[in-house]
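Here is a friendly walk through one protein chain, written with the bench in mind. Please keep the structure open beside the text as you read.

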Amino acid sequence: LFRSTFDHCNGVLLGVKHQLPDFTARDFKNSGLQHLLIVSGTNVTIVIIFISILLRRFGRRAMFIGSIGALIFFVAMTGADAPVLRAAIMGAVVGLAAVIGKFSDARNLVLLSAAIIGILNPKIMQSDVGFFLSFAATLGIVLGTPVLMQVFRKVTDVFELRSLLAVSIGAQLAVMPVLGYYFGNFPVSGFVANIIAEPLVPFSMLFSFAATILGAGPVIFAKIIGIPAFIVLEALLQVAKFFGQFPLLAVSKSFAVVIGILVVG
């Protein structure tokens, strides 16, 4: 039980997809939840929050320095893939802006991180599909959420439902052209699957991170934290399994380009 939980923790926390069964990875892909298996902004956010809590008594400067050190270590652990590099750079810039008291615009941060990654490794900008998906989803959230919040203004915001709808649909609309262009299909069920799965993500990240860290200590502590980690991760697996059974929508490259133009417009 706990070995399985540890493997799934690595998949969610560190993007170690080779430890997941093929059918599980397929379920996440077909349900539009494959982004949960890619190290990105959520992972980096958990790291920054964890370090900030530990160092908050020492002031913002210590929190920033500690967060930067943790980000460097985290990037090294995950192989410095494009999504985590983008998220780490954005996190570092946001942290620096907080320390010096300057406001940081999310759109500028996305472009800045893209420029830095492009300078460090131009090939990523040319052929890394994960990079395109990560940036498309980020831009969809940054640019689309304010518009969709107005579209769903009559929807109750109890339990952040309106925000959840706006963020999930914004990201899905943005990645649709990318998925259609490179893979020739799009998981229609992903709209609903993401709305159900997104509230579970922060808890899965928190428990996964704790289980991974405590796994180096006494077994009893890892087992205790492994129970809630297993419950949340199992819920995510069941959501992916259920929605992964729905057929994919075939999309031609030309149609994907048209959709991309409409989304950007």
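The report below goes from the whole chain to one helix, and then to a few single residues.

This is a predicted model, in which local features need pLDDT of at least 70 and side-chain atom pairs count only at pLDDT 80 or more, while totals for chains, interfaces and linings use all residues. Residues are numbered from 1 along each chain as its sequence is written, and side-chain values use heavy atoms, leaving out hydrogens and water.

**The whole chain**

The protein chain holds 13 helices and 2 strands; these are DSSP runs numbered from the N terminus, with helices (H or I) of at least four residues and strands (E) of at least two. Of its 265 residues, 44% count as buried. Here, buried means under 20% relative accessible area, exposed means over 50%, and partly exposed lies in between, with a 1.4 Å probe and protein chains only. The chain exposes about 14300 Å², and carbon and sulfur atoms supply 71% of that area; accessible areas come from the Shrake-Rupley method with a 1.4 Å probe, and for residues only the protein chains shown count as cover. Among contacts with a separation of 6 or more, 68% are between residues 24 or more positions apart, a contact being heavy atoms within 4.5 Å.

**Helix α9 and its patch**

Helix α9 covers residues 161–183, 23 residues in total, and reaches 31 Å from its first C-alpha to its last, close to the 33 Å expected at 1.5 Å a residue. That expected span is 1.5 Å times one less than the number of residues. Where does α9 kink? The kink, of about 35°, lies at Val 175, shortly before the proline Pro 177; the bend at a residue is the angle between axes fitted to the seven residues ending there and the seven starting there. Gly 184 follows α9 and has a positive phi, near 75°.

Tyr 181, Tyr 182, Phe 183, Val 257 and Ile 261 form a nonpolar patch on the surface, with about 480 Å² of accessible area together. Such patches are made of residues with over 30% relative accessible area and no salt bridge (a side-chain nitrogen of Lys or Arg within 4 Å of a carboxyl oxygen of Asp or Glu). Nonpolar side chains (Val, Leu, Ile, Met, Phe, Trp, Tyr) are joined within 5 Å, and like charges within 9 Å. Both α9 and α13 (253–264) supply at least two residues each, and the largest share, 3 residues, comes from α9.

**Single residues**

The table sets out four residues by place and accessibility.

| Residue | Location | Relative accessibility | Class |
|---|---|---|---|
| Tyr 181 | helix α9 | 35% | partly exposed |
| Ser 189 | loop between β1 (185–186) and α10 (190–197) | 9% | buried |
| Thr 145 | helix α8 (residues 129–151) | 15% | buried |
| Ile 231 | helix α12 (residues 219–243) | 53% | exposed |

Leaving aside neighbours within four places in sequence, Ser 189 is in contact with Asn 30, Ser 31, Phe 243 and Phe 246. By that rule on neighbours, Thr 145 touches Gly 140, Ala 166 and Val 167. Ile 231 and Ser 204 are 27 residues apart in sequence and 9.0 Å apart in space, C-alpha to C-alpha.

Gln 34 sits in the loop between α2 (22–30) and α3 (41–55). Not counting residues up to four places away in sequence, Gln 34 touches Phe 28, Lys 29 and Leu 179. Gln 34 and Ala 240 are 206 residues apart in sequence, with 9.1 Å between them in space, C-alpha to C-alpha.
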